[in-house]
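Trainee: Before I use any of the labels on this one, could you walk me through how they are earned?
Mentor: Sure, pull it up and ask away.

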Amino acid sequence: MKVGICVVIPIYNHRDAIGGTLARLVVHGLPIIVVDDGSDAQTQQTLAELAERHRAYVTLLRLPVNGGKGAAVMAGLRAARASGYTHAIQIDADGQHDAADVPKFVEAARATPDAVILGRPRFDESVPKARLYGRYLTHVWVWIETLSLDIPDAMCGFRLYPLDAVCRLIDSVSMPTRMDFDSEILVRLHWRGLAFRTIPTRVVYPADGVSHFDVLWDNVRISASHTRLVAGMLVRAPLLLARRLMPSRGATAKGERARSWWRMPERGSRAGMALLALSCRCFGTRITSAWLYPIVAYFVLTHRSARVASHAYFTRLARACPSAAQSTPGWRTAYRHMLEFAQSGFDKFVAWSGRTDRLRVRFDDASAFDALIATGRGALVIGAHLGNLEMTRALALRDARTKVTAVVYTEHAKRFNSVLRGANADFAKQLVEVADFGPETAMMMQSRIDAGELLVIVGDRVPPHDTGRTVDACFLDARAPFAQGPYVLAHALGCPVYLFFCLKEDGEYRLYFEPFAERIELPRRDRAAHVAQWAQRYAARLEHYCRKAPYQWFNFFDFWAGSDGGPRGRA
């Protein structure tokens, strides 16, 4: 699809701000349609002068009387479509939005031309607190009206529309023409099945800014809009739920099934996670943990890809080890699986809040760990997304001389990690973020090993880029890809290698720390075969612990899929 993008700016008496807004926009070389919504004579004169100054880019569309922001935006969108454009970026005239982010919207439209691209505001200290907190009331209503969290912010005036879809909507449905337009059009587009993407963008409130928000009547209009939308949601609820629960044609394509874990967007909002953290501090862990049950129920209903991955995992587990499968794979197993994941994440927060004493933790057999610490040597520790890897902190608590550093991928979990940083300022100090395990990483890690640190990595995820090297190993009766990086790294570091698993058993965390190799040698001759042997040894131990705690393996994606989206086949 050939993408043609323009900018639509609705304006009503913002003559002092519009000049700067246009100056920041024209540098991007996009056509601009300025819709004058019945402004006063001074603003009309200013707009005429600016249109002449930027005549290579600016088209001025004048409405005879003020009809409201919604009316101006709809007039601009219709004009953009009539001029042959496929997409339009809506941006307010008052200078609140960062025009430097326009290229991000353009790039997003080219990548997903059928999606609505929304600005996700990052406010500075200039934002009025009443407005900041008041926005969340509309957000909650929109989440109810769409039965989803697909629209994290429905009020940001910086967004991009696919014009065919939005013009079909505004030509067939009577839309509000005032401030209630921004949120209602998004809800109705969501009802029509459009996808939504978000882009973080800076939003400021100038001290001399002019607002046309009528506190009384605009709030009345917005309340009436939400009343209509809730009624519309109730009528459409079966369809909306069915869309969530049933696969779409696009979602079942091979490329979608094989989407890598690191491409999957993080679910949940930072605000929601922060509220749980606040509840934990105010009301304690027991009361707060009760919130996990309805939250997990929502995610089971709305997160189909994770639900399908859980079902596939338990199906393979039942085939490979019938005694480990406690019930038939389905909704019940998916709920329990995700609940275990949520409880593990909650315990991570508790641990990083300095409340490890509230979690019962003990070694199954501490002899290997104590023997290592007695030597004063550093080591590479390979873990997994099984149980609670954060309990490696318990290793440091056992011996004050022990320093534990996690080598992690954090790009896919920024919101959750930001909450952990808020809980403990030392969080980032005990993490090293990497893109891959290769020679460069080995050089960076060597000094830490020499200093006697324990470096913790995971062995059950492939590197987060398309060229990452993997090797197939037998895992739960099928071939699955495992990263070569941990074994290449261990070979380069020349240090002892241990395995670490932490499982929750009978209400307490039990630590399993076992020797894996005194040293991993990868001779040049038959190196691939040696890597495959080490990966298979790791896969066998991972399978052993998955059988011990089947609900505590948390890779909610198609772990066994090949690069083409199809299965690798049984081992």
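Mentor: What follows is a run through helix packing, burial and aromatic pairs in a predicted model.

Trainee: What makes up the chain overall?
Mentor: The protein chain has 20 helices and 16 strands. Buried residues account for 50% of its 571 residues. Of the contacts between residues at least 6 apart in sequence, 79% join residues at least 24 apart.

Trainee: Why are H1 and H2 called roughly parallel?
Mentor: Helix H1, residues 15-26, packs with helix H2, residues 41-53, at an angle of about 15°. The cut-off for roughly parallel is under 35 degrees, so H1 and H2 get that label. Their axes are 9 Å apart, and the crossing is right-handed.

Trainee: Which residues make the contact between H1 and H2?
Mentor: H1 brings Arg15, Ile18, Gly19 and Leu22, while H2 brings Gln42, Thr43, Thr46, Leu47 and Leu50. By class, the contact of H1 with H2 holds 4 nonpolar, 4 polar and 1 charged. Gly counts as polar in that tally.

Trainee: How do you know whether Ala48 is buried, partly exposed or exposed?
Mentor: Ala48, in helix H2, has a relative accessible area of 40%. Buried needs under 20% and exposed needs over 50%, so Ala48 lands in between and is partly exposed. As for its surroundings, Ala48 and Leu60 are 12 residues apart in sequence, with C-alpha atoms 7.7 Å apart.

Trainee: And why is H6 called roughly perpendicular to H7?
Mentor: H6 and H7 pack at an angle of about 105°, with their axes 11 Å apart. The window for roughly perpendicular runs from 65 to 115 degrees, so H6 qualifies with respect to H7. The contact is made by Ala165, Val166, Leu169 and Ile170 of H6, with Ile185, Arg188 and Leu189 of H7. The classes there are 6 nonpolar, no polar and 1 charged.

Trainee: What do the buried residues of H6 pack against?
Mentor: The buried set in H6 is Leu163, Ala165, Val166, Cys167, Leu169 and Ile170. Those residues pack against helix H3 (69-82), strand S4 (87-90), strand S6 (159-162) and helix H7 (181-191).

Trainee: What makes Cys167 buried?
Mentor: Cys167 sits in helix H6, residues 163-172. Its relative accessible area is 0%; the cut-off is under 20%, so Cys167 is buried. Leaving out residues up to four places away in sequence, Cys167 touches Leu77, Arg78 and Arg81. The C-alpha atoms of Cys167 and Met74 are separated by 8.1 Å, although the two residues are 93 apart along the chain.

Trainee: Asp101 is in a loop, so how do you know that it counts as buried?
Mentor: Go by the number. Asp101 lies in the loop between S4 and helix H4 (102-111), yet its relative accessibility is 5%. Set against the cut-off of under 20%, that makes Asp101 buried. Beyond its neighbours within four places in sequence, Asp101 is in contact with Phe158, Pro200, Thr201 and Arg202.

Trainee: Now the rings. How many aromatic pairs are there?
Mentor: The structure holds 23.

Trainee: Why is the pair of Tyr298 and Phe299 called edge-to-face?
Mentor: The ring centres of Tyr298 and Phe299 are 5.5 Å apart, and pairing asks for within 6.5 Å. The planes are at 80°, and edge-to-face means over 60 degrees, so the label follows. On burial, Tyr298 is partly exposed at 24% relative accessibility, whereas Phe299 is buried at 18%.

Trainee: And what makes the pair of Tyr512 and Tyr545 tilted?
Mentor: Their planes are 55° apart, with 5.1 Å centre to centre. Stacked would be under 30 degrees and edge-to-face over 60, so the pair of Tyr512 and Tyr545 is tilted. This pair links distant parts of the chain, with Tyr512 in strand S16 (residues 508-517) and Tyr545 in helix H20 (residues 527-548), 33 residues apart. Tyr512 is buried at 7%, and Tyr545 is buried at 3%.

Trainee: Which residues form the aromatic cluster?
Mentor: Tyr313, Phe314, Phe475, Phe482, Tyr538, Tyr551, Trp553, Phe557, Phe559 and Trp560 form one cluster.

Note on methods:
Residues numbered from 1 in each chain as written. Predicted model: local features only at pLDDT ≥ 70, side-chain atom pairs only at ≥ 80, totals over all residues. Heavy atoms only, no water. Axes fitted to C-alpha atoms, helices over the stretch in contact; angles between N-to-C directions. Helix = DSSP H or I, 4+ residues; strand = E, 2+ residues; numbered from the N terminus. Parallel < 35°, antiparallel > 145°, perpendicular 65-115°, else oblique. Left-handed = near helix turned anticlockwise from the far one by under 90°. Contact = heavy atoms within 4.5 Å. Buried < 20%, exposed > 50% of the residue type's maximum accessible area, 1.4 Å probe, protein only. Phe/Tyr/Trp six-rings, centres within 6.5 Å; stacked < 30°, edge-to-face > 60°.
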